[in-house]
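The following exercises ask the reader to reason from coordinates to structural description. Each task is followed by a solution in steps.

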Amino acid sequence: MTESAARGFTGTTTRERHPLRAIPATDWAAALESAAKEIFGAEWEEQLARFIVFLRRRISGAYSVDEYGFDRELTQRFLLAVLRPIKEKWFRVEVRGIENIPTDGGALIVSNHSGTIPMDGLMTMVSIHDALGRDLRPLGADLVFRLPVVGNIARKAGATLACSEDAERMLRNGELVGVWPEGFKGIGKPYTERYKLQRFGRGGFVSSALRTGVPIVPLSVVGAEEIYPLVGNIPALAKVLGVPYLPITPFFPLLGPLGLVPLPSKWLIEFGEPIRTDAYDASEADDPMLVFNVTDQVRETIQQTLYRLLGERESVFG
């Protein structure tokens, strides 16, 4: 008897043995089922069936979008699903004052803007949907819709061009409309000016609220300023690329793509008490002094709330 036989070895080598031959098909099926349960939960078969139906409907074109291009199903099933763990696990967003948003009917959400990349708008969208089941319709600058991929995604997510006609039509239809009056000056301001509100434009958002009689809900966001601390800019190259600014942060472009990962700051967002506009006549929307006063009231409310939230925050990343 050879030494190999004495040890119980067969004559088959690893080169001759097929890597899958020794594993029965039933074991493979059990392993796949176990993995599916681990990822999708006990009802994985039902979820898989729903996904297949959804996929078939998307491929066949049997879905609807509204007049602005908003694809509610795609937004809720995919975009918000991707944003939710970022909100809950990365930024650990704490939401306050959600009861100040009407559960139905039109309202205008007015927020400060910051962060170099406008993550604050996305976090606001998912926060409102998770709390109230309502969709926030953001008003975006024309540059957003000129970008090849971003513009298409923004439309499908419910955004539309920041013009008074679209804003008023949506408000009259009972939509929640979001506006960030600081625009690119807000998200592109240097880190040394963090949480100092920039100019709120000419108050076009106030005119829209006055014409439609909807409440204005001030929103203050703390935490977004620290995700990409803006320490510099390359204006000449930004002009060539056709963008408002080309940011320099402590990690970008030094670390390349890795520098695009946002820092995990702790976020506090607070919706303030609504400012009612239904007591005014729609014609008063053309009164520049009234528009200025209401705009200043909204801006001051947001600024003072930012200072208070900063005082309550224990640490940037705590």
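**Exercise 1. Classify Glu-225 by its burial and identify its salt-bridge partner.**

Step 1. Glu-225 has a relative accessible area of 5%. The cut-off for a buried residue is under 20%, so Glu-225 is buried. The model from which this value is computed is a predicted one.

Step 2. The partner of Glu-225 is Lys-189, with the closest N and O atoms 3.1 Å apart. A salt bridge requires a side-chain nitrogen of Lys or Arg within 4 Å of a carboxyl oxygen of Asp or Glu, and the pair is accordingly a salt bridge.

Step 3. Glu-225 belongs to the loop between strand 6 and strand 7 (232-233), and Lys-189 to the loop between helix 9 and helix 10; the pair therefore ties together parts that are 36 residues apart in sequence.

Step 4. Lys-189 is buried as well, at a relative accessible area of 6%. Lys-189 also forms a salt bridge with Glu-182, where the closest N and O atoms are 4.0 Å apart. Glu-182, too, is buried.

**Exercise 2. Describe the salt bridge between Arg-169 and Glu-67 in terms of distance, location and exposure.**

Step 1. The structure holds 20 salt bridges. In the one formed by the side chains of Arg-169 and Glu-67, the N to O distance is 3.7 Å.

Step 2. Arg-169 is in helix 8, whereas Glu-67 is in the loop between helix 3 (44-60) and helix 4 (72-90); with their positions 102 residues apart, the pair links distant parts of the chain.

Step 3. With a relative accessible area of 34%, Arg-169 is partly exposed. Glu-67 has 60% relative accessibility and is therefore exposed.

**Exercise 3. Determine which elements supply the largest nonpolar core, and where Phe-205 fits in.**

Step 1. The largest nonpolar core comprises 29 residues, and Leu-108, Val-110, Phe-205, Ile-216 and Val-298 have the most contacts inside it.

Step 2. At least two residues of this core come from each of strand 2, helix 8 (164-172), strand 5 (176-179), helix 10 (204-212), strand 6 (216-222) and helix 12 (288-312). Helix 12 gives the largest share, seven residues.

Step 3. When residues up to four places away in sequence are not counted, Phe-205 touches Leu-108, Val-110, Val-179, Pro-181, Phe-200, Thr-295 and Val-298. Apart from this core lies another, of 26 residues, among them Ile-98, Met-119, Ile-128 and Tyr-228.

**Exercise 4. Is helix 10 largely enclosed or open?**

Step 1. Among the buried residues of helix 10 are Phe-205, Val-206, Ser-207 and Leu-210.

Step 2. Seven of the nine residues of helix 10 are buried, so the helix is largely enclosed by the rest of the structure.

Step 3. The cover over these buried residues includes strand 2, helix 8, strand 5, strand 6 and helix 12.

Step 4. Just after helix 10, Gly-213 adopts a positive phi of about 70°.

**Exercise 5. Locate two residues other than glycine that have a positive phi, and classify their burial.**

Step 1. Thr-116 has a phi near 70° and is placed in the loop between strand 2 and helix 5 (119-132). Its relative accessible area of 7% makes Thr-116 buried.

Step 2. Tyr-195 has a phi near 65° and sits in the loop between helix 9 (184-187) and helix 10. Tyr-195 counts as buried at 3% relative accessibility.

**Exercise 6. Characterise the surroundings of Asn-100 and of the loop that holds Pro-253.**

Step 1. Asn-100 occupies the loop between strand 1 (94-96) and strand 2 (107-111). At a relative accessible area of 17%, Asn-100 is buried.

Step 2. The side chain of Asn-100 reaches the backbone oxygen of Gly-272 at 3.3 Å. Neighbours within four places in sequence aside, Asn-100 contacts Val-217, Phe-271, Gly-272, Glu-273 and Pro-274.

Step 3. Pro-253 is in the loop between strand 8 and strand 9. A cis peptide bond joins Phe-252 to Pro-253, with omega about 10°.

Step 4. Phe-251 lies in the loop between strand 8 (247-248) and strand 9 (268-271). Phe-251 is partly exposed, at 36% relative accessibility. A nonpolar surface patch is formed by Phe-251 together with Trp-90, Leu-254, Leu-255, Leu-258 and Val-261, and their accessible area together is about 600 Å².

Key. Residues are numbered from 1 along each chain as its sequence is written. This is a predicted model: local features need pLDDT of at least 70, side-chain atom pairs count only at pLDDT 80 or more; totals for chains, interfaces and linings use all residues. Side-chain values use heavy atoms; hydrogens and water are left out. Helices (H or I, at least four residues) and strands (E, at least two) are DSSP runs, numbered from the N terminus. Buried means under 20% relative accessible area, exposed over 50%, partly exposed in between (1.4 Å probe, protein chains only). A polar contact is a pair of N or O atoms within 3.5 Å; within protein, one must be able to donate a hydrogen and the other to accept it, and residues adjacent in sequence count only if both atoms are side-chain atoms. Contact means heavy atoms within 4.5 Å. Patches are made of residues with over 30% relative accessible area and no salt bridge: like charges are joined within 9 Å, nonpolar side chains (Val, Leu, Ile, Met, Phe, Trp, Tyr) within 5 Å. Accessible areas come from the Shrake-Rupley method with a 1.4 Å probe; for residues, only the protein chains shown count as cover. A nonpolar core is a set of buried Ala, Val, Leu, Ile, Met, Phe, Trp, Tyr and Cys residues joined through side-chain atoms within 4.5 Å.
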